[in-house]
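Colleague: I'm new to this one, so could you show me the model and take a few questions?

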Amino acid sequence: MARYARVKGSIALITLTNPPVNALSAAVRRGIVESVSRALKDEQVKAVVFCGENEKFCGGADIKEFSGSMSGPPLVPMIHSIEAGEKPMVAAIEGVALGGGLELALGCHYRVANTKARLGLPEVTLGLLPAAGGTQRLPRLIGIPAALELITTGRHVSAQEALQLGIVDQVAQGSAVQAAMELALSVIGVCVCMLCVYVVCVCIYCVCVTGQPLNPRRLSLRAPVWAPDVDGVCDAALAQVKQRSRGAMAPVACVQAVRAAAMLPYSKGMERERQLMDTLFRSGQARAMQYAFFAQRNAGKWSLPNGSQWNNTRARDVQRAGVIGLGTMGRGIAVSLVKAGISVVAIEMDAKQLESGKKAVTAMLQRDAQRRGVSPPLHLLTFTLSFHQLRDVDLVIEAVFEDMNLKKRVFSDLCKVLRANALICTNTSGLNVDELAAVTDRQPLVVGMHFFAPAHVMKLLEVVYGSRSSPEAVATAMALGKRMEKVCVAVGNCSGFVGNRMLKLYLDQSVYMLEEGATPEQVDQALEEFGFAMGIFKVSDLSGLDVGWRVRKASGLIGPDVDPVKPSRWRLGRRYCPLPDMLCQQGRFGQKTGRGWYLYDSPGSKEAKSDPEIQTFLEDYRRKYGIIPRRITSQEVIERCAFALANEGFRILEDRIAASPEDIDVIYLFGYGWPRHRGGPMFYAGQVGLSVVLEKLEHYHRVHPDVPSLEPSRLLRRLVAEGSPPIQQWKSHIKNLRSHL
Ligand SMILES: CC(C)(COP(=O)(O)OP(=O)(O)OC[C@H]1O[C@@H](n2cnc3c(N)ncnc32)[C@H](O)[C@@H]1OP(=O)(O)O)[C@@H](O)C(=O)NCCC(=O)NCCSC(=O)C[C@@H](O)CCCCCCCCCCCCC(=O)O
């Protein structure tokens with residue numbers, strides 16, 4: 001699907017038509033090949049302009065095709081024939097030119113973008129590399145260091161930055177198509193002037209039909225971009241990507257391909273690009289990352305058990321919001337709201353807290369504005385001690401201390417001042433949303449909005465619907481989260497919702513392994529080698545060990561009857577590990593106190609160091625309880641952590657707390673640092689093989705019968721019994737499971 005038109009007498013305008021992003025599907029590629037051939041044959045046509053329908057140039061190759069058998073004209077020769085075409089080719093970039101879309105533009109002789117356009121080669125985020133010449137043409141255009149940075153990060157650049165880098169020749173204020181046609185006319189216009197005659201005279205190696213030499217514009221004809229420091233630059237990039245995305249193959253392959261552009265002639269570089277792509281394309285990592293791409297988008301298509309969903313429920317417009325509590329969470333939430341253009345009334349309980357909250361929020365907004373070269377939208381903020389200032393807000397997000405009674409008090413106070421139709425949202429990380437809603441006069445208008453710390457940075461938002469939350473309230477919270485640039489997932493109400501409910505079991509396994517013989521360093525190393533940016537014990541130190549301690553106290557797991565010298569390892573009918581409590585009793589709360597599972601130079605410092613005291617403490621502990629330590633392998637660490645997570649994920653699906661395995665994976669990818677090249681815990685379970693996961697869980701449950709959460713879930717057993725269908729089909733099996741209950 002590409003539309004061909006002749007405009008302004010001598011220009012062929014080829015429009016890619018495959019909404020919403022004009023991805024280069026087989027039909028689009030076919031359309032382009034036919035249109036280019038037609039333009040080259042048509043003697044009236046002197047130049048060609050490429051553009052995309054609906055002011056979007058092109059979002060790249062059609063990712064959906066990657067999972068099937070690829071047919072239609074391949075991209076590489078298609079782009080080559082454009083570049084080799086003997087008429088000037090101009091790309092008119094509006095909206096996006098990403099991946100194969102930018103590669104198509106790089107095959108053109110000229111590129112014009114409008115001010116709003118974004119360009120990039122994001123293949124690395126799909127576990128791939130730009131394999132339609134991107135790794136060879138871009139370095140020849142902008143040099144090795146800049147190309148390495150763009151290709152290994154997949155970052156999108158603005159039109160202005162693209163101009164500075166030399167990716168585009170011109171930035172148009174208005175229509176890029178119009179500007180591209182003018183550029184094309186000026187290029188071919190040279191043929192009728194004196195200068196052209198001169199150009200034709202001197203150009204003996206290649207002339208376009210009108211006389212303007214095109215060879216200098218053909219990037220593939222440029223020599224390799226070798227420079228004395230190239231090896232050093234590539235080595236540094238390699239070290240950086242290995243550190244940044246542990247275990248991910250694509251960034252490493254991207255560096256290797258760009259290095260080839262420095263060393264080899266174009267044709268050999270293209271061979272290298274192709275070899276590297278062949279390996280990536282077939283890899284489980286690419287499948288995982290492409291799954292993650294679609295899972296993220298599908299999470300926005302939420303549905304509730306009652307049939308309400310994203311496309312049949314209207315969200316309310318939110319212009320003005322209240323934030324109650326300016327602790328770490330409230331501050332981040334206020335910043336995100338203001339950045340989304342929403343007026344915020346921020347409330348604290350006492351003047352000192354209010355002042356320090358105000359300072360922090362203002363500073364965060366100022367820093368952000370400075371980075372973006374704009375002025376901070378401080379006029380959108382009101383700081384106050386008075387609930388009455390909330391009388392005209394559309395919605396309130398409560399972010400006070402995680403204490404049910406305190407939250408209930410706040411909720412009932414809110415009802416006294418808010419408009420009758422204002423929504424009340426709670427930023428609880430796991431308390432019962434129904435119980436909170438029950439103290440209000442508006443249960444349908446109460447939902448959870450569970451942000452992750454720091455809330456102005458972390459992408460994930462769990463939108464928690466209670467049993468009486470209205471679809472409109474859910475739609476409003478989801479739309480608001482999207483405006484705040486969050487990845488929103490709608491989840492049901494249960495202790496810990498999805499993310500923290502699963503996290504508990506993952507934490508349990510980690511501390512059990514310490515009891516059995518592992519060290520925090522061993523467990524963390526195994527998890528980091530698996531791809532997590534940080535191991536679980538480093539994360540616990542960062543979040544603060546006291547947080548979980550308080551939750552365990554509130555839930556009755558820690559009480560006055562617990563022996564302080566030899567606390568019980570059996571509580572509420574199951575295995576319990578008192579190690580985290582014992583650390584807290586010693587004042588080891590993590591980074592904030594300079595000591596936790598690791599040692600830090602000073603309170604608040606970030607570099608975790610092994611602490612010999614912890615080793616001794618663990619040895620004493622095992623002796624006290626008569627535990628004979630054993631060697632725990634990295635494989636065991638990964639299996640026990642990852643399969644415990646997935647097993648609880650299956651239970652969450654059975655309980656319909658999450659609508660799909662994709663939603664669970666999105667939560668783990670965006671909120672808990674699960675490595676993207678592993679897809680998510682549910683995808684990972686499918687990739688390892690459900691029968692393997694079942695077998696392993698059965699084994700670990702046999703060895704640890706006092707850990708009921710290791711018992712394989714019914715859904716997992718059912719899926720294995722039904723032949724381990726692919727993850728996309730699990731949803732229908734959940735329905736079957738429920739109908740048999
Ligand atoms: C473009 C965006 C920035 C738009 O964002 P926005 O927020 O506006 O919208 P959404 O993200 O919600 O998207 C809307 C809608 O569109 C779908 N979509 C988006 N992009 C694509 C796409 N590229 N393909 C298909 N579908 C797409 C999206 O899913 C939404 O659909 P829905 O149903 O939910 O409405 C944003 O969308 C974005 O960032 N998109 C991705 C951009 C990207 O990553 N592009 C790169 C693609 S990969 C690529 O281009 C590869 C090329 O370099 C080269 C390919 C060469 C191939 C050669 C193959 C050789 C293999 C050899 C192996 C041999 C193996 C063997 O022999 O076995």
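Modeller: Sure; one term before we start: contact means heavy atoms within 4.5 Å. This is a predicted model, where local features need pLDDT of at least 70, side-chain atom pairs count only at pLDDT 80 or more, and totals for chains, interfaces and linings use all residues. Residues are numbered from 1 along each chain as its sequence is written, and side-chain values use heavy atoms, with hydrogens and water left out.

Colleague: Which residues does Lys624 touch, not counting residues up to four places away in sequence?

Modeller: Lys624 sits in helix H23, which covers residues 612-625 (helices, H or I, of at least four residues, and strands, E, of at least two, are DSSP runs numbered from the N terminus). Leaving out residues up to four places away in sequence, Lys624 touches Val565, Lys566 and Met582.

Colleague: Is Lys624 buried, partly exposed or exposed?

Modeller: Buried means under 20% relative accessible area and exposed over 50%, with partly exposed in between (1.4 Å probe, protein chains only). Lys624 has 35% relative accessibility, so it counts as partly exposed.

Colleague: How many disulfides does a search of the whole structure find?

Modeller: A disulfide here is a pair of cysteine sulfur atoms within 2.5 Å. The sulfur of Cys584 is 12 Å from the closest cysteine sulfur, in Cys577, so that is too far for a bond. Searching the whole structure gives a count of zero.

Colleague: What share of the 741 residues in the chain is buried?

Modeller: Cys584 is one buried example, at 3% relative accessibility. Cys51 is buried too, at 4%. Across the 741 residues of the chain, the buried share is 56%.
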